[in-house]
Amino acid sequence: MRRGVRVAAPLLPAVFALGASFGVLARTAHVGAVAAIAMSATTFAGSSQVAAVSVLGAGGGVAAAVVAALLLNARYVPMGITIAHSFRGRMLGRLAESQLVVDESWALSGGGTPAFERPVLLGIGGALWFAWVGGTAAGAVAGSAIGDPSAFGLDGAFAALFIALLAAQLRARRAVAAAACGGAIAALLTPYVPPGIPIVAATAAVLVGWRRA
Amino acid sequence: MSAVWTSVVAVGVGTVALKAVGPVGVAGRRLPPRVEQLLGMVGPAILAALVVSETFARGRSLVVDARVAGAAAGVVAVALRLPIWAVVVAGALATALVRLA
């Protein structure tokens, strides 16, 4: 678990900053500081929180906000299944541990590969949780004093981060094929379906591997 | 309950459930090798989709903006085998610089 914290350390300033930008965004969308912090603590999945808050801020209503957020998080079902064999013990413990699964903790601990290590995932996830919730609190309290988060290039940092995480998983030819198809599915669907669905639909790319296996 | 708090609770409960499906529902059991092999490709597929959406998606449109510079810097940083924090910093710097220009 300590190794997980070490692995996560370089990411903590970025996650704190992203949490702060979510906090600021929440305030501009008329979501109170306590609600924003509560959301970061319970949901702990950045892109879905940003989606929910921006839908609320645009007057999209509760149903649209919740559906958009949960579609973005539907990927945690297949991701969770890839690591499920490592989780043992009491149900409540597993429930608590499963909440530390986020894209970064899953990918950096070898999620979806035979090298997956659950303690590393818990260390990374726990460290990121504190950075995320702390950043949200700082952003929500500081409010508009921080200004526009996109001026710092934080949105571009997300793309770079996911590229690094993806590169680490492209060892086999089949993985490259699945990635190419997943990216293509996402690009093709984006104009036609609500945000979130293209990412879930990209899971269908594993069927390419089925035929090639 | 206000619209904001209804959303916070619904998204929170829903996400807790989605994250729990694997570790709580499937826990401890080994899946057939064929299925595990397929699941091994879920990561690359979803991560590639996230790269596409973080780089090009703006709501329902695909746009080319400063984020492309961030993604390109990310590719270069990965090719140079830089550590992950350096990849993230390179992405943020490139995006911010292009936006300032």
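**Exercise 1. Two domains in chain A**

Task: Find how far apart the C-alpha centres of domain 1 and domain 2 of chain A lie, and describe the side of domain 1 that touches domain 2.

Solution.
- Step 1. This is a predicted model. The C-alpha centres of domain 1 and domain 2 of chain A are 23 Å apart.
- Step 2. Place the bounds. Domain 1 covers 2–145 of chain A, and domain 2 covers 170–213.
- Step 3. Count the contacts. In domain 1 of chain A, 7 residues are in contact with 7 residues of domain 2 of chain A.
- Step 4. Trace the source. Helix H5 (residues 62–73) of chain A supplies the largest share of the domain 1 side, 3 residues.
- Step 5. Sort by type. That side of domain 1 has 6 nonpolar residues, no polar ones and 1 charged.

**Exercise 2. The interface between the chains**

Task: Which element gives the largest share of the side of chain A that touches chain B?

Solution.
- Step 1. Start with the totals. Contacts join 86 residues of chain A to 72 residues of chain B.
- Step 2. Look for the main contributor. H10(A) gives the largest share of the chain A side, 14 residues.
- Step 3. Sort the chain A side. It divides into 59 nonpolar, 21 polar and 6 charged residues.
- Step 4. Zoom in on Gly156(A), which sits in helix H10 of chain A. Gly156(A) is buried, because 33 other C-beta atoms lie within 10 Å and 20 or more is the cut-off.
- Step 5. List its partners beyond four places in sequence. Gly156(A) touches Ala66(B), Arg67(B), Ala69(B), Gly70(B), Ala71(B), Gly91(B), Ala92(B), Ala94(B) and Thr95(B).

**Exercise 3. The largest nonpolar core**

Task: Which residues touch the most other members of the largest nonpolar core?

Solution.
- Step 1. The core has 111 residues, and Ala160(A) and Ala45(B) touch the most other members.
- Step 2. Find the top contributor. Helix H10 (residues 154–167) of chain A gives the most, with 12 residues.
- Step 3. Check the domains. At least three core residues come from each of domain 1 (2–145) and domain 2 (170–213) of chain A.
- Step 4. Follow Ala160(A) into chain B. Leaving out residues up to four places away in sequence, Ala160(A) touches Gly70(B), Ala71(B), Ala73(B), Gly74(B), Ala77(B), Val87(B), Val88(B), Ala90(B) and Gly91(B).

**Exercise 4. Positive phi in two loops**

Task: Are His30(A) and Phe44(A) buried or exposed?

Solution.
- Step 1. Recall the background. Most residues other than glycine have a negative phi.
- Step 2. Take His30(A). Its phi is positive, about 65°, although it is not a glycine. His30(A) lies in the loop between helix H2 (12–28) and helix H3 (33–42) of chain A.
- Step 3. Count around it. His30(A) has 12 other C-beta atoms within 10 Å, so it is exposed.
- Step 4. Take Phe44(A). Its phi is also positive, near 45°. Phe44(A) lies in the loop between H3 and helix H4 (46–57) of chain A.
- Step 5. Count again. Phe44(A) has 24 other C-beta atoms within 10 Å, so it is buried.

**Exercise 5. Two helices of chain B**

Task: Where does H1(B) bend, and by about how many degrees?

Solution.
- Step 1. Test the length of helix H1 (residues 3–26) of chain B. Its 24 residues should span 34 Å at 1.5 Å a residue, and the end C-alpha atoms are 34 Å apart, which agrees.
- Step 2. Locate the bend. H1(B) bends by about 55° at Ala20(B), and Pro23(B) follows within four residues.
- Step 3. Look at what is buried. The buried residues of H1(B) include Val4(B), Val11(B), Leu18(B), Lys19(B) and Ala20(B).
- Step 4. Find the cover. H3, H4, H5, helix H6 (76–83) and helix H7 (91–98) of chain A are among the elements covering those buried residues.
- Step 5. Turn to helix H3 (residues 42–56) of chain B. Its 15 residues reach 21 Å, close to the 21 Å expected. In H3(B), 15 of the 15 residues are buried, so this helix is largely enclosed by the rest of the structure.

**Exercise 6. A glycine in H6**

Task: Which residues does Gly80(A) touch, not counting those up to four places away in sequence?

Solution.
- Step 1. Place Gly80(A) in helix H6 of chain A.
- Step 2. Gly80(A) is buried, with 24 other C-beta atoms within 10 Å.
- Step 3. Its partners are Ser98(A), Val101(A), Lys19(B), Val21(B), Gly22(B) and Pro23(B).

How values were computed
Residues are numbered from 1 along each chain as its sequence is written. Chains are lettered from A and ligands numbered from 1 in the order in which they are written. This is a predicted model: local features need pLDDT of at least 70, side-chain atom pairs count only at pLDDT 80 or more; totals for chains, interfaces and linings use all residues. A nonpolar core is a set of buried Ala, Val, Leu, Ile, Met, Phe, Trp, Tyr and Cys residues joined through C-beta atoms within 7 Å. Helices (H or I, at least four residues) and strands (E, at least two) are DSSP runs, numbered from the N terminus. Domain bounds come from an automatic or database domain assignment. Two residues are in contact if their C-beta atoms, placed from the backbone, lie within 7 Å. Ala, Val, Leu, Ile, Met, Phe, Trp, Tyr, Cys and Pro count as nonpolar, Asp, Glu, Lys and Arg as charged, and the others, Gly among them, as polar. The expected span of a helix is 1.5 Å times one less than its number of residues. The bend at a residue is the angle between axes fitted to the seven residues ending there and the seven starting there.
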